[in-house]
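Welcome! Let us take a friendly walk through a protein chain, starting with one of its helices and working outwards.

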Amino acid sequence: MLTSMYAENLGQYVDPDIAPSGTLLGLLQRGRGDGTLHALAAPRAEALSALHHCLTHDPRRDWQVEHRSLYYARLHRDLDAGLDALAAHLFAPQDRVDTREERTGLALSVLGHLASYGDNGALRLLRRYAARGANWQWALDELAVRDDDAALRRLGPAVLARFPATKAGDAELATALRDAFEPRPWRLWAEDPDRPAQRARLGRVREQHAFDRWSRQMRSSGPRPGWSVREVLAWAQELPTPPPGEPFDVEQARQQREAAAARCLAAVAGPEDGPELRAAARGGPDAARCAALRHLAERDDPAALGLIDEAVTCAPGPVAAAAAAAFGRMRGVAALRQARRWAVREDLLGAEAAAMLATRGSGQDADAVLAALRRTVRTEGCDGEALGPLVDGVGRLAVGCAAPVLRHVYRETASSQLRGRAARALAATDPGFAASFAVECLWDCEESTREIAARAATTGDDRVVERLRRLAADPAEEAGVQSAVRGRLRPGPSSG
């Protein structure tokens, strides 16, 4: 059984194991406000065990969009958890072989927040990892916005020593310099008066990098389809050559090529090309068919709806999926009318139709959107990809009887993004939201969810007023949340 988001024996990303929502670990993995509240009330050893599990086994399914670091840093500080477990994780032998930033990024971000709260031990640990660890660039970016100039300058020799003084080493150094999220340390190293050799090397690398970029732009070896509909459709069928020695996702490359081909068609296709495009959308090779379907859908071509229906019903899976996605791109009145007929379908096209009604429909579509939401939860669980727009839709349409299923999604989903959308929908549909979920949302891991709670939570609960005051005084809190908090704390009718 995999107990981590990493299958070490397979060397690839897998979905994290998420504990049941009623357990302390499950609450913390989801980033729910109740996770913090339960952890602070639980035996300290149990709370520390659950917290450390989250920090060393990142529970997020999409670490690039879901937030956890500030949430865990606040709990780490409140529990006075110490840094031993984080240090052991960062400097484990695995760091030498698993160099992906997903393994250590969450722990490093938590250290960054702890440093912002004045934890000098966290700052020292970040410096040590930046000098010795595999994911040193992430640690350096955390230090770049928190450390002083002198400490950052001292890191320069250790970081630059990672790159041999060879042509290949300088090329790798130029790439690292280009990819740096925060430029401050590199600027300090390039201007360090006490290390003239370092200054000279960085200056040389910067000049060579700028020249190489200019040269690439001048000779532009990117793909160039011929400028006719037929040539673009033929080009759509060609997959790009995989980069040597790098991972290559064939399906992703195919989708990118189809999208690029559709953009090219927008530039070259005219009214006289309609028959050729419709023929390709009806029975052309797969990639050309997908590109043609997308092009026709984006222009609300009168034939698009029939071609999409045919493709979803009869074409191979990738073409069917592309056709359904093409329908979701249509913006005309005819597409909305068709969505009302298709929303009852239990296939890809039905899901896209329901999402269209959720996004663009009116009050007459409330029942259809609610039915689709219930069906999706029943068939796909609380983490289905189709749930987001449906949750938004019942909130936008203020479907009051959607509250029970929204509460279920809120409790059970592993996605903090989807939970936030459920909270927003509950604020519009559930009269009891202000005194229930809104209270725990003040401790949620997502900024947008905390902002909803700051505007909605009843101040009749003593915990709410105290939490609002703490958020208002917390320098790490986001501006949107603090603005909402100050509006609630200001004397007047809004503070009730």
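## A helix and its neighbours

The buried residues of α27 pack against four helices: α4 (69–78), α25, α26 (447–456) and α28 (479–489). Keep in mind as you look that this is a predicted model. Which residues of α27 are the buried ones? They are Val 464, Arg 467, Leu 468 and Leu 471. Seen down the axis of α27, these buried residues fall within an arc of 105 degrees, so they line one face of the helix. On the other side of α27 you can find Asp 462, Arg 469 and Ala 473, which are exposed.

Helix α27 itself runs over residues 462–473, which makes 12 residues. From its first C-alpha to its last it reaches 17 Å, close to the 16 Å expected at 1.5 Å a residue. The N-terminal end of α27 is capped by Asp 461. Here a side-chain oxygen of Asp 461 lies 2.9 Å from the backbone nitrogen of Arg 463.

## A buried glutamate after α27

Move on to the loop between α27 and α28, and you will find Glu 477. Is Glu 477 buried or exposed? Its relative accessibility is 6%, and buried means under 20%, so Glu 477 counts as buried.

What does Glu 477 touch, leaving aside its neighbours within four places in sequence? Its contacts are Arg 74, Arg 450, Leu 471 and Gln 482. Leu 471 is already familiar as one of the buried residues of α27. The side chain of Glu 477 makes a polar contact of 2.9 Å with the side chain of Arg 74. Another polar contact, of 2.9 Å, joins the side chains of Glu 477 and Arg 450. Glu 477 and Arg 450 are 27 residues apart along the chain, and their C-alpha atoms are separated by 9.9 Å.

## A second helix with two sides

Now compare helix α15, which covers residues 274–283. Its buried residues include Gly 274, Leu 277, Ala 280 and Ala 281. These cover an arc of only 130 degrees around the axis, which puts them on the same side of α15. On the other side of α15, Pro 275 and Gly 283 are exposed.

What covers the buried residues of α15? The cover includes α13 (229–236), α14 (250–268), α16 (286–298) and α17 (304–314).

## A proline tucked into a loop

Pro 59 is found in the loop between α3 (44–56) and α4. With a relative accessible area of 1%, Pro 59 is buried. Not counting residues up to four places away in sequence, Pro 59 touches Pro 16, Ile 18, Gln 29, Cys 54, Arg 68, Tyr 72 and Leu 106. Take Gln 29 from that list: Pro 59 and Gln 29 are 30 residues apart in sequence, yet 5.5 Å apart in space, C-alpha to C-alpha.

## Rings that pair up

Next, the aromatic side chains. How many aromatic pairs does the structure hold? There are 8. In one of them, the rings of Phe 327 and Trp 342 have their centres 5.0 Å apart and their planes at 65 degrees, so the pair is edge-to-face. This pair links distant parts of the chain, with Phe 327 in helix α18 (residues 317–328) and Trp 342 in helix α19 (residues 333–342), 15 residues apart. Both Phe 327 and Trp 342 are buried.

The rings of Tyr 410 and Phe 437 have their centres 4.3 Å apart and their planes at 35 degrees, so this pair is tilted. Tyr 410 lies in helix α23 (residues 403–412) and Phe 437 in helix α25 (residues 437–441), so the pair ties together parts that are 27 residues apart in sequence. Tyr 410 and Phe 437 are buried too. Elsewhere, ring pairs link Trp 136, Phe 163, Trp 186 and Trp 189 into a cluster. A ring can also have a charged partner: Arg 77 lies over the face of Tyr 117, at 4.2 Å from the ring centre.

## Stepping back

Finally, take in the whole chain. It has 28 helices and 2 strands. Of its 496 residues, 48% count as buried. The C-alpha atoms fill a box of roughly 70 × 65 × 50 Å, taken along the principal axes. Among contacts between residues at least 6 apart in sequence, 64% join residues at least 24 apart.

Note on methods: Residues numbered from 1 in each chain as written. Predicted model: local features only at pLDDT ≥ 70, side-chain atom pairs only at ≥ 80, totals over all residues. Heavy atoms only, no water. Phe/Tyr/Trp six-rings, centres within 6.5 Å; stacked < 30°, edge-to-face > 60°. Buried < 20%, exposed > 50% of the residue type's maximum accessible area, 1.4 Å probe, protein only. Lys NZ or Arg CZ within 6 Å of the ring centre and 35° of its normal. Expected span 1.5 Å × (residues − 1). Arc of directions from axis to C-beta. Contact = heavy atoms within 4.5 Å. Polar contact = N/O pair within 3.5 Å; in protein donor to acceptor, adjacent residues only side chain to side chain.
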